[in-house]
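Q: Please take a close look at the sheet in this structure. I would like to know how its strands are arranged, what covers them, and what lies around them.

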Amino acid sequence: MYNLLKGKKGIIFGALDENSIASKTAERVHEEGGKFVLTNAPVAMRMGQIKNLAEKTGSEIIPADATNMEDLENLVTKAMEILGGKLDFVLHSIGMSVNVRKNIPYTESNYVNTEKGWDVSALSFHKVCQVLYRNDAMNEWGSIVALTYMAAQRTFPDYNDMADNKAYLESVARSFGYFFGKDKKVRVNTISQSPTPTTAGQGVKGFSGFIAYADAMSPLGNASAQDCADYTVSLFSDLTRKVTMQNLYHDGGFSNTGVSNEVIQRFS
Ligand SMILES: NC(=O)c1ccc[n+]([C@@H]2O[C@H](COP(=O)([O-])OP(=O)(O)OC[C@H]3O[C@@H](n4cnc5c(N)ncnc54)[C@H](O)[C@@H]3O)[C@@H](O)[C@H]2O)c1
């Protein structure tokens with residue numbers, strides 16, 4: 001370990017169970033000396049696993065629905081009290097589509113579901129940024145990261161309306177990144193992660209085929225949740241202070257590969 005986050009404080013959204021990208025990240029941040037508050041939607045608390053993670057990492061949990069501004073205000077204020085000052089890092093690791101959950105095809109979207117999924121998966125990132133910005137809650141050279149997927153750029157039919165949500169999320173990172181950079185010297189980026197076997201990931205129809213295909217297409221193979229945790233630590237560290245407003249592919253090379261020999265062989 002490198003002590004990359006020694007003395008740094010933050011908030012980690014989205015640790016649901018041990019497979020969650022946020023859980024792996026929390027453990028890595030802890031190993032690197034960072035201190036944080038864990039948060040998730042009040043319903044996610046019932047699963048109990050976030051409590052184990054909190055014990056393991058010496059963290060407190062503050063429940064917050066990331067679509068609710070009052071919850072977010074309370075979270076940010078209390079996190080600063082608990083951690084003893086402004087924050088250096090924030091991870092937004094949140095996603096959910098009601099249309100996907102209900103197996104409703106993209107061409108038949110129910111728009112009440114669409115709006116709910118967009119609020120949870122995309123607008124919540126704007127809300128988190130706004131509460132941090134308004135409360136002047138970030139230290140200079142702090143880092144805010146959200147997780148996304150390449151369906152924002154290219155079509156993956158069963159990713160459904162999450163593709164639109166991710167496109168919006170990535171745009172918020174650029175737009176808020178401008179203001180956070182100019183006014184507060186804070187970075188805002190998205191990490192575009194390989195398909196990863198988590199609760200959210202496995203909700204996508206045909207996920208096992210999807211993940212195997214991505215692995216066969218990527219020269220380095222799929223990036224795991226653990227790999228993503230490592231990459232996120234680097235973005236929270238002082239070694240990436242001038243990286244902002246970027247969508248950063250973390251996918252073993254998938255996004256720049258036209259085709260791989262493994263995939264060609266299956267068609268030959
Ligand atoms: N798993 C993949 O294949 C993959 C690939 C690329 C990007 N991502 C993204 O990574 C992020 C984390 O997902 P994951 O794969 O670790 O799955 P996960 O299911 O473990 O995490 C999703 C989290 O979102 C939380 N959440 C849902 N509604 C919420 C709300 N209203 N308020 C606060 N939190 C809420 C859930 O409780 C859960 O902890 C998501 O943004 C996801 O889209 C995942």
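A: Strand E2, residues 35-39, is joined to E3 by two bridges, and these strands run parallel. Val37 has Glu60 of E3 standing opposite. This is a predicted model, and the pair belongs to an open sheet of seven strands in the order E3-E2-E1-E4-E5-E6-E7, with parallel pairing. The edges are strand E3 (60-61) and strand E7 (247-250), each of which pairs on one side only.

Helix H3, residues 69-83, packs on this sheet and touches strand E1 (9-13), E2, E3 and strand E4 (87-92). The direction of H3 makes about 150° with that of E2.

From E2 the order passes to E1. E1 and E2 pair in the parallel sense over five bridges, and Phe13 stands opposite Thr39 in E2. E1 is mostly covered, since five of its five residues are buried. That burial involves both faces: Lys9, Ile11 and Phe13 are buried on one side, and Gly10 and Ile12 on the other.

E1 also pairs with E4, in the parallel sense, over three bridges. Here Ile12 has Leu91 of E4 as its bridge partner. E4 is likewise mostly covered, with six of its six residues buried. Leu91 appears again in the pairing with the next strand, where Leu91 stands opposite Val145 in E5. Five bridges join E4 to E5, and these strands run parallel.

Helix H5, residues 111-134, lies across E4, strand E5 (138-148) and strand E6 (187-193). H5 runs at about 170° to E4. The loop between H5 and E5 holds Asp136. Asp136 is not a glycine, yet has a positive phi of about 45°. Asp136 is exposed, because 10 other C-beta atoms lie within 10 Å and a residue counts as exposed at 12 or fewer.

A positive phi also occurs within strand E5 itself, where Trp141 is placed. The phi of Trp141 is near 70°, in a residue other than glycine. With 14 other C-beta atoms within 10 Å, Trp141 is partly exposed.

E5 continues the sheet to E6 through six bridges, and the two run parallel. Leu147 stands opposite Ile191 in E6. Seven of the seven residues of E6 are buried, so E6 is largely enclosed by the rest of the structure. Both faces of E6 are covered: Arg187, Asn189, Ile191 and Gln193 are buried on one side, and Val188, Thr190 and Ser192 on the other.

Helix H9, residues 225-236, can be tied to several of these strands. The buried residues of H9 are Ala225, Asp227, Cys228, Ala229, Thr232, Val233, Leu235 and Phe236. What covers them includes H1, E4, E5, E6 and E7. The length of H9 can be checked as well: at 1.5 Å a residue, its twelve residues should span 16 Å, and its end C-alpha atoms are 16 Å apart, which agrees.

Val233 of H9 is also among the contacts of Glu32, together with Met1, Tyr2, Asn3, Leu4 and Leu5, leaving aside neighbours within four places in sequence. Glu32 sits in the loop between H1 and E2. Glu32 is buried, because 20 other C-beta atoms lie within 10 Å and 20 or more is the cut-off for burial. The C-alpha atom of Glu32 is separated by 38 Å from that of Thr114, which is 82 residues away along the chain.

The last part of the picture is the ligand. There are 27 residues around the ligand, and Leu16, Ser20, Gly95, Ala200 and Gly201 come nearest. Helix H1 (21-31), E5 and helix H7 (199-202) are the elements that give two or more residues to this shell. H7 gives the most, with three residues. By class, the shell has 14 nonpolar, twelve polar and one charged residues.

How values were computed: Residues are numbered from 1 along each chain as its sequence is written. This is a predicted model: local features need pLDDT of at least 70, side-chain atom pairs count only at pLDDT 80 or more; totals for chains, interfaces and linings use all residues. Two strands pair if DSSP finds at least two bridges between them. Helices (H or I, at least four residues) and strands (E, at least two) are DSSP runs, numbered from the N terminus. Two residues are in contact if their C-beta atoms, placed from the backbone, lie within 7 Å. Axes are lines fitted to C-alpha atoms, for helices over the stretch in contact, and angles run from 0 to 180 degrees between N-to-C directions. A residue is near a molecule or strand if its C-beta atom, placed from the backbone, lies within 6 Å of it. Ala, Val, Leu, Ile, Met, Phe, Trp, Tyr, Cys and Pro count as nonpolar, Asp, Glu, Lys and Arg as charged, and the others, Gly among them, as polar. The expected span of a helix is 1.5 Å times one less than its number of residues.
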